[in-house]
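Biologist: I have a new model open and would like to learn how to read it. Can we go through it feature by feature?

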Amino acid sequence: MAEPLVAASARRRAYWQTAFSLAVLLAAVWLARRHWPVLETGALRLAVADQGWLLVAGAAAVGTWLCSALAQQGAVKRRLPRGRLVAAQFAASAANHVLPAGLGASAVNLRFLMRCGLPATRSATAVAVKGTAGVVVRGVLIAVLAVACPGVLRVPDSAPGLPVALVAAAVVAGVSALLAGPLGQRCRTVLGTAVADVRAVHARPHRAAALWGGSLAFAVLHCAVLIAVTQAVALPLPPARVALLYLAASSAAALLPTPGGLGSLDAALVLALTAAGAPGAAAASAVLGYRLFTVWLPLLPGLVVLGVLVRRRAL
């Protein structure tokens, strides 16, 4: 009696895994077809660009997956399987361009950590710790580059201080009410577990170095991809300014829940580069090249890797 039930469960699981693999493949085809003019135009513009700088951009893009794996390893105490960890980051980058607001990467990393034996709570904490480290590193880089490149980022003179203060007060009041309600105890328990995990990670210097070093290198290499492409198309902007504009534009685009920032990041980057003095055609070509290396070229292989990991129950 038990054997037929196990066989039926295995068949259902195989059906669901096959359906998922087909779904992600169809999603990749749909995205590529929808944005085909972008792909074609970017390829034509980059065909006459400096090939040496394009190789640098490709190498930097590959390095982002390795740095993401390093940061994720630094967020947990347990040693993770290196090969599957890097493959999971490659798959997560592809999933991040199918689901909005970083949900794809978070879901892949969460499932990967749970498959590695971590409890769901600690897996979620590790994903959150990695994400928080990335946000902090990005903020520090923006602050440092803003000092090094004064005048690039401008704050409007007539900032609506009162509405912002009212919104902040409302958020604080809402969070306080939530913590004081029935969910307060559960939230405090989850927060206590998260704090304990963060302390345990930072009690091991090599884990802390992996977390923060990987997060820093991840952001720097993304900047390097765009800088290399701007050099390839002879865009007349200093590398430090390009890095600052990229970090600011990508941070602003993250507020819009589009898959991988498609559309929002492209528009923000082109606007930022042209506002800094770059010609419109060169700015558009640079953004298209950046997208080609970070999205379109690895998208289909990444989704294939995602499907393979799911079928092998690594996710």
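Biologist: How many residues of the protein chain count as buried?  I would like that as a percentage.
Modeller: This is a predicted model. Of the 315 residues in the protein chain, 40% count as buried. The accessible surface comes to about 16800 Å². Carbon and sulfur atoms hold 72% of that surface.

Biologist: What does the secondary structure of the protein chain come to?
Modeller: Count the helices and strands. Here there are 12 helices and 0 strands. Read along the sequence, the pattern is α-α-α-α-α-α-α-α-α-α-α-α.

Biologist: What share of the contacts in the protein chain joins residues 24 or more positions apart?
Modeller: Take the contacts with a separation of 6 or more. Residues 24 or more positions apart account for 75% of them.

Biologist: Let's take one helix. How far does α9 reach from its first C-alpha to its last?
Modeller: Compare the span with the one expected at 1.5 Å a residue. Helix α9 covers residues 205-232, which is 28 residues. Its span is 39 Å, close to the expected 40 Å.

Biologist: Arginine 207 lies in that helix. Is arginine 207 buried or exposed?
Modeller: Check the relative accessible area. For arginine 207 the value is 8%, so this residue is buried; the cut-off for buried is under 20%. Next, list what arginine 207 touches, leaving out residues up to four places away in sequence. The list is Gln73, Gly74, Val76, Lys77, Arg78, Arg79 and Val201.

Biologist: What comes just after α9?
Modeller: Look at the backbone angle phi. Most residues other than glycine have a negative phi. Alanine 234 goes the other way, with a positive phi near 60°. This alanine is found in the loop between α9 and α10. Its relative accessible area is 62%, so alanine 234 is exposed.

Biologist: Where is arginine 313, and what is its phi?
Modeller: Arginine 313 sits in the segment after α12. Phi is near 60° there, again a positive value in a residue other than glycine. Arginine 313 has 41% relative accessibility, so it counts as partly exposed.

Biologist: Now the interior. Which residues have the most contacts inside the largest nonpolar core?
Modeller: Find the core, then ask who supplies it. The largest nonpolar core has 73 residues. Those with the most contacts inside it are Phe112, Leu235, Leu269, Leu273 and Leu306. The helices α3, α4, α5, α6, α9, α10, α11 and α12 each supply at least two residues of this core. The largest share, 14 residues, comes from α12.

Biologist: What is phenylalanine 112 in contact with?
Modeller: Set aside its neighbours within four places in sequence. Phenylalanine 112 then contacts Leu80, Pro81, Arg84, Leu85 and Ala88 among others. Ala314 and Leu315 are also on that list.

Biologist: How many aromatic pairs does a search of the whole structure find?
Modeller: The search finds 2. In one pair, the rings of tryptophan 65 and phenylalanine 90 have centres 4.6 Å apart. Their planes lie at 55°, so the pair is tilted.

Biologist: Where do tryptophan 65 and phenylalanine 90 lie?
Modeller: Trace each ring back to its helix. Tryptophan 65 lies in α3 and phenylalanine 90 in α4, so the pair ties together parts that are 25 residues apart in sequence. Both tryptophan 65 and phenylalanine 90 are buried.

Technical notes:
Residues numbered from 1 in each chain as written. Predicted model: local features only at pLDDT ≥ 70, side-chain atom pairs only at ≥ 80, totals over all residues. Heavy atoms only, no water. Helix = DSSP H or I, 4+ residues; strand = E, 2+ residues; numbered from the N terminus. Expected span 1.5 Å × (residues − 1). Core = buried A, V, L, I, M, F, W, Y, C linked by side-chain atoms within 4.5 Å. Buried < 20%, exposed > 50% of the residue type's maximum accessible area, 1.4 Å probe, protein only. Contact = heavy atoms within 4.5 Å. Phe/Tyr/Trp six-rings, centres within 6.5 Å; stacked < 30°, edge-to-face > 60°. Areas by Shrake-Rupley, 256 points an atom, 1.4 Å probe, with all protein chains shown as cover.
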